[in-house]
Amino acid sequence: MEGLKYQVDLLNAMNEKLAREGKMLRLICETSNSAFLYYNYEEQQLRTIANWDHFFDFTVTDMHDLGRLYDCVEEKYVIPLKEVLFIDEQKLKSQTIEVKLKERRLCIEVEVNVVYDTMDNPTDKVIRFKDVTKFNSQNDELTYMAYYDMLTGLYNRNYFVRLLGEYIRRAEEENETVAVMFMDFDDFRRINDGMGIISGDELVQMFGQFLSDLIGDNVIISHFNSDIFCIGIYSPCGARSVETIYRTIRERLKKPFKLSEGQEIFLTISVGVAEYPEAAAKTLELINCAEIVMFKAKNMGKDKILYFDGTILDDFLKKIKIENKLKDAVFEQNFTMYYQPQFHTTDKVLRGVEALIRWRDDNGKMISPAVFIPIAEKNGAIVPIGTWVIEESLRAFAGWKRKYHYPMIMSLNVSAIQYRQPDFIEKVLRLMEKYDIAPSEIELEITESILIDDFTDITEKLVTLRDIGIKISLDDFGTGYSSLAYLKGLPIDTLKIDKSFIDTVITDENTRIITESIIYMVKKLGFETIAEGVETEEQYRYLNEIDCDNIQGYFLGKPMPSDKIENLLADMTA
Ligand code: C2E
Ligand code: CA
Ligand code: CA
């Protein structure tokens with residue numbers, strides 16, 4: 001009896017264990033997102049396990065039912081599927097293939113495992129169906145993203161670089177050349193700001209579409225990012241010469257791009273061209289060269305193509321050097337201020353001074369502000385430099401005031417980047433207070449280009465500054481775009497006639513007529529006039545004759561350090 005009870009207990013325990021394991025197995029199968037077929041050779045019965053319904057709408061019970069599977073899969077998969085389902089005939093243990101279903105666009109991985117006995121006869125077979133659709137399409141997408149740019153469908157930067165590398169390798173072998181055209185939209189920021197990024201993107205897309213027509217044998221085209229496109233040409237000549245391609249592009253740009261919102265946009269681009277092996281021997285260097293040339297094309301007025309030459313690269317490297325030195329200079333404040341006197345024309349009495357920055361680099365070499373200020377504007381260094389200029393000039397000014405009590409004006413050059421700082425006005429006011437300078441003693445010089453780029457924002461600030469009592473002066477007048485009519489609405493007090501007019505005012509009849517009419521009109525508008533760059537007695541006398549209010553230039557005084565200004569003040573107050 002005891003023995004029997006023991007055996008019953010044991011059987012119960014084994015059953016329970018089996019039930020638990022069965023449940024566990026079912027759970028595992030069901031959460032695996034796969035379906036399984038189990039076949040026992042002895043019973044000759046097929047059982048479906050787990051998610052069969054996800055794949056098929058029929059059941060299978062024996063091997064013959066498998067025939068229905070062949071009707072579901074796409075034609076080309078039928079034979080491979082048959083082979084894998086009957087692998088026991090080839091005495092193989094396992095095999096996997098991928099098939100696609102006909103109507104449902106499902107992608108299925110079919111894996112078969114067979115168990116053999118010691119005599120090599122198959123005993124059990126498990127067939128697993130796994131849905132790999134998502135994985136496959138992700139894979140396609142990843143492949144696509146690795147080579148193409150989503151917005152334009154052109155090659156992306158990385159893939160372009162690889163293909164260009166191939167071109168260069170081939171060119172090296174075949175003694176050929178490879179050209180790179182680096183292209184950038186002109187004023188894309190203004191287009192984007194004006195119409196919104198969506199329209200900007202649409203424009204990029206349309207241009208990209210147009211470019212894709214130019215792809216051909218030995219011509220690859222890429223959208224790098226934003227508004228930058230690059231063309232690589234193997235052995236440029238004939239229909240695929242840089243000139244021909246550029247001509248085709250320009251022809252297209254004569255017509256506007258019509259966006260879906262109805263706007264019509266005229267586009268111009270700047271193009272830089274560099275060729276292997278002349279410009280560079282390495283892929284990335286070649287692209288960089290073309291980019292540098294493109295920047296130069298921009299600086300030369302945009303809407304043009306420019307070809308690499310050695311001097312462009314030299315200039316660029318020089319600029320980089322200055323940029324690096326500039327960083328240290330800002331940190332160490334290696335600057336000094338010079339002041340150039342301005343005089344009332346009629347009596348040569350001192351009106352005020354213009355503050356001009358000077359920079360002597362570590363080697364004692366003078367670097368002109370005309371060179372480093374534009375670089376400082378690009379890399380943002382102009383903000384700390386500009387603040388230093390204002391503080392240093394006002395500090396000197398306060399010293400002169402204390403000593404000489406001479407009523408005069410301090411003119412300060414201020415660049416657009418400084419005006420754009422939200423705390424610019426506050427900063428100026430704080431420094432004025434610190435050095436006890438009245439608003440009427442300060443004049444800020446702006447250039448026309450500032451107004452062109454950011455008209456509303458900057459004019460608003462200028463109006464505020466003028467309301468406080470600070471004078472605003474328009475620098476370099478005549479070099480920019482302004483017409484006299486346009487001047488009427490500007491919040492300015494003073495107009496500085498550019499040196500280029502004064503240079504030829506004696507020798508050139510036309511310049512004389514223009515200068516005279518400028519002075520006549522400007523005085524009618526109520527502005528004060530200053531002639532810049534007056535170098536000779538003759539120029540001075542002429543300007544006096546035509547009633548130009550003030551004179552600035554080497555003739556009456558070069559830019560000079562603070563102590564030299566003091567000598568001048570001593571004379572004036574003697
Ligand atoms: P700008 O404001 O037009 O300054 C006048 C420039 O003409 C100065 O050059 C001055 O030295 C020069 N100049 C004056 N009279 C004569 C003359 O009779 N003959 C000749 N040949 N030149 C004369 P500088 O000091 O080299 O400054 C160049 C430019 O750098 C300035 O042009 C201005 O745009 C910029 N700059 C200078 N200092 C500053 C500054 O503190 N801040 C900013 N943002 N820009 C500055
Ligand atoms: Ca100036
Ligand atoms: Ca000027």
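The following questions and answers go through the metal sites, strands and cysteines of a predicted model.

Colleague: Which residue bridges the calcium ion (ligand 2) and the calcium ion (ligand 3)?

Modeller: The protein donors of ligand 2 are Glu354 (OE), Asn413 (OD1), Glu445 (OE) and Asp475 (OD), at 2.1 to 2.3 Å from the ion. The calcium ion (ligand 3) is coordinated by Asp475 (OD), Asp476 (OD) and two OE contacts of Glu532, at 2.2 to 2.6 Å. The two ions lie 4.0 Å apart, and the residue that bridges them is Asp475.

Colleague: How many residues apart in sequence are the parts that Asp475 and Glu532 tie together?

Modeller: The donor residues of the calcium ion (ligand 3) follow the spacing D-D-x55-E. Asp475 belongs to strand 18 (residues 471-477), while Glu532 sits in the loop between strand 20 (528-531) and helix 21 (537-545), so the parts tied together are separated in sequence by 57 residues.

Colleague: Is Glu354 buried or exposed?

Modeller: Glu354 lies in strand 14 (residues 350-360) and Asn413 in strand 16 (residues 409-413), so this pair of donors ties together parts 59 residues apart in sequence. Asn413 has a relative accessible area of 30%, so Asn413 is partly exposed. The cut-off for a buried residue is under 20%. Glu354 has a relative accessibility of 4%, so Glu354 counts as buried.

Colleague: Which residue of strand 4 is the bridge partner of Lys100?

Modeller: Strand 3 (residues 94-100) and strand 4 run antiparallel and are joined by seven bridges. Six residues stand between the strands of this hairpin, and Arg105 takes a positive phi near 55°. In strand 4 (residues 107-116), the partner of Lys100 is Cys107.

Colleague: How many bridges join strand 4 to strand 5?

Modeller: Strand 4 and strand 5 form a hairpin with five residues between them, and Asp120 in the turn has a positive phi of about 70°. One pairing across these strands is that of Glu111 with Arg128 in strand 5. Strand 4 and strand 5 (residues 122-131) run antiparallel, and the number of bridges is nine.

Colleague: Which strands stand at the edges of the open sheet of five strands?

Modeller: The order in this sheet is 7-8-6-11-12, with mixed pairing. A strand at the edge has a single partner strand, so one side is left without a neighbour in the sheet; this holds for strand 7 (219-225) and strand 12 (305-307).

Colleague: What angle does the direction of helix 6 make with that of strand 7?

Modeller: Within the sheet, the twist averages 20° from one strand to the next. Strand 6 (residues 178-185) and strand 8 (residues 228-234) pair in the antiparallel sense over seven bridges, and Met181 has Ile231 as its partner in strand 8. Helix 6 (residues 157-174) packs on the sheet and touches strand 6, strand 7, strand 8 and strand 11 (269-276); with the direction of strand 7 it makes an angle of about 145°.

Colleague: How many disulfides does the structure hold?

Modeller: A disulfide needs two cysteine sulfur atoms within 2.5 Å. For Cys107, the nearest cysteine sulfur is that of Cys72, 15 Å away. For Cys230, the nearest is that of Cys289, at 12 Å. Neither Cys107 nor Cys230 is in a disulfide, and the count for the structure is zero.

Note on methods: Residues numbered from 1 in each chain as written. Chains lettered and ligands numbered in written order. Predicted model: local features only at pLDDT ≥ 70, side-chain atom pairs only at ≥ 80, totals over all residues. Heavy atoms only, no water. Donors = N, O, S within 2.8 Å, 3.2 Å for Na, K, Ca; no water. Helix = DSSP H or I, 4+ residues; strand = E, 2+ residues; numbered from the N terminus. Buried < 20%, exposed > 50% of the residue type's maximum accessible area, 1.4 Å probe, protein only. Pairing = 2+ DSSP bridges. Axes fitted to C-alpha atoms, helices over the stretch in contact; angles between N-to-C directions. Contact = heavy atoms within 4.5 Å.
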